[in-house]
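Colleague: Before we discuss this model, could you show me the sequence and the structure together?

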Amino acid sequence: MSAPTPTGGSEAEPMIRLEGLQKRFPGQAEPAVDDLSLDVPEGEIAVLVGPSGCGKTTTLKLINRLIEPTAGRIVIAGEDVTHADPDSLRRRIGYVIQQVGLFPHMTIAENIATVPQMLGWKGIDARVDELLELVGMEPATYRGRYPRELSGGQSQRVGVARALAADPPVLLMDEPFGAIDPITRERLQDEFLRLQGEVRKTIVFVTHDIDEAIKMGDRIALLRIGGRLAQYDRPQRLLIDPADAFVAEFIGGGARVKGLRLVTVDDVELTEWPTARPGDEAARVLALLRESDRGHALLLDPEGRPRSWLSREELGRNGRPLEGLGETVGTTVEVDDTLHQALDALLASGAGAAAVVDPSGRYRGVVDLATLAAAVAAMAVNGHRPAGAEAEAANSERDPAAGS
Ligand SMILES: Nc1ncnc2c1ncn2[C@@H]1O[C@H](COP(=O)(O)OP(=O)(O)OP(=O)(O)O)[C@@H](O)[C@H]1O
Ligand SMILES: [Mg+2]
């Protein structure tokens with residue numbers, strides 16, 4: 001659906017519903033947010049994305065009534081809160097503000113405890129420790145520190161912990177992982193998605209980064225300047241079927257390659273690959289390679305972990321034990337990694353394949369270009385996760401026969 005129509009009565013009540021929301025700041029010719037309608041189902045992450053100044057922060061502030069709408073309605077859990085008491089509303093909504101915004105004169109514990117304190121909760125110390133652990137920070141180390149004594153990434157985690165403190169059903173997050181190095185950012189994103197798997201909040205998440213939107217969002221709302229909704233859809237629909245030229249341009253080139261971020265390795269059937277063990281004879285491995293039509297064999301160590309890629313040329317040179325040969329396998333991928341990560345590992349390998357391992361590091365199979373091409377083709381036809389679903393169906397048909 002590219003039209004931002006609220007869903008009809010047949011579906012469950014959304015946790016957040018915006019209806020024709022408009023904000024016109026005094027003295028501004030154009031509205032900052034205009035006729036914005038969208039539903040966020042309970043437990044989902046809706047990402048607001050768009051260029052700087054398109055009204056993302058304004059939309060968040062309208063939802064928790066830090067600013068008042070010029071027109072339109074805000075409905076939370078079925079209740080029209082457009083004119084509700086803003087203080088009591090904000091207790092039900094956690095807010096991670098742009099640039100973290102921790103209180104500099106308060107310790108980390110005091111920062112996190114802000115809302116529970118306001119609510120007069122008991123057992124706040126235990127709650128603070130629980131939250132610090134939840135965001136991966138050792139309570140004993142960090143409870144008593146001040147915000148200036150934290151790294152950027154740690155501050156952002158504390159920001160998330162503070163927003164979660166009173167266990168609100170709704171979270172608003174304004175570029176929570178912005179202004180941070182790409183590696184830490186990826187880690188915070190992964191940690192947050194894992195956390196969300198546990199806490200299942202309904203989240204409106206703001207970013208200006210389409211890749212972050214694709215990764216984090218169950219749905220993506222792309223806004224254009226003036227706060228008008230260009231498209232509100234599941235990430236794969238946005239990639240496969242952009243509503244107009246603005247959406248296509250914002251997504252940028254390589255939409256299908258970006259789609260590889262939406263499919264995990266366990267969604268696809270792994271390719272079989274010629275493997276060798278340290279004691280094997282080079283000539284035998286070479287014969288195996290020729291038979292398989294591959295350029296490299298994968299040497300496994302005695303525990304079955306990928307060790308190196310052996311080329312035909314190296315195997316052709318006689319008389320050396322296999323252990324010393326080949327290009328060391330750098331990055332391996334696990335089944336819950338995305339095909340995008342597999343593509344990265346594949347491009348780095350020189351063998352044209354990414355070795356897939358189980359959690360204990362043992363070899364499971366490979367992802368090669370054919371695997372990726374099949375996944376991309378299937379995505380264009382069916383949307384998300386078709387390859388895995390098909391493989392599963394095929395397996396369950398095969399299984400009974402396999403026993404006989
Ligand atoms: N208090 C205000 N008074 C007047 N205009 C405002 C006010 N706050 C925001 N604006 C204007 O409203 C528009 C939307 O601003 P907003 O902060 O929502 O953008 P944004 O999408 O969050 O941008 P960014 O990605 O840069 O954070 C901008 O043109 C901004 O200048
Ligand atoms: Mg903003």
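Colleague: What makes K56, T57, T58, T59, L60, K61, L62 and I63 of α1 buried?

Modeller: A residue is called buried if 20 or more other C-beta atoms, placed from the backbone, lie within 10 Å of its own, and exposed if 12 or fewer do, with partly exposed in between. In this predicted model, eight of the eight residues of α1 (residues 56-63) are buried, so by that definition the helix is mostly covered. Helices are DSSP runs of H or I with at least four residues, and strands are runs of E with at least two, numbered from the N terminus.

Colleague: Why are A282, V285 and L289 placed on the same side of α13?

Modeller: These are the buried residues of α13 (residues 282-292), and they cover an arc of only 65° around the axis, which puts them on the same side; the arc is that of the directions from the helix axis to the C-beta atoms. On the other side of α13, A283, R284, R290 and E291 are exposed.

Colleague: What do the buried residues of α13 pack against?

Modeller: They pack against β11 (275-276), β12 (296-300), β13 (306-311) and α14 (312-316), where a contact requires C-beta atoms, placed from the backbone, within 7 Å.

Colleague: How confident is the predictor in the chain?

Modeller: The pLDDT, a confidence for each residue from 0 to 100, averages 86 over the chain, and 90% of the residues score at least 70. It stays under 50 over residues 1-10 and is below 50 over residues 384-404. Where pLDDT is low, the predicted coordinates should not be read in detail.

Technical notes. Residues are numbered from 1 along each chain as its sequence is written. Chains are lettered from A and ligands numbered from 1 in the order in which they are written. This is a predicted model: local features need pLDDT of at least 70, side-chain atom pairs count only at pLDDT 80 or more; totals for chains, interfaces and linings use all residues. Two residues are in contact if their C-beta atoms, placed from the backbone, lie within 7 Å.
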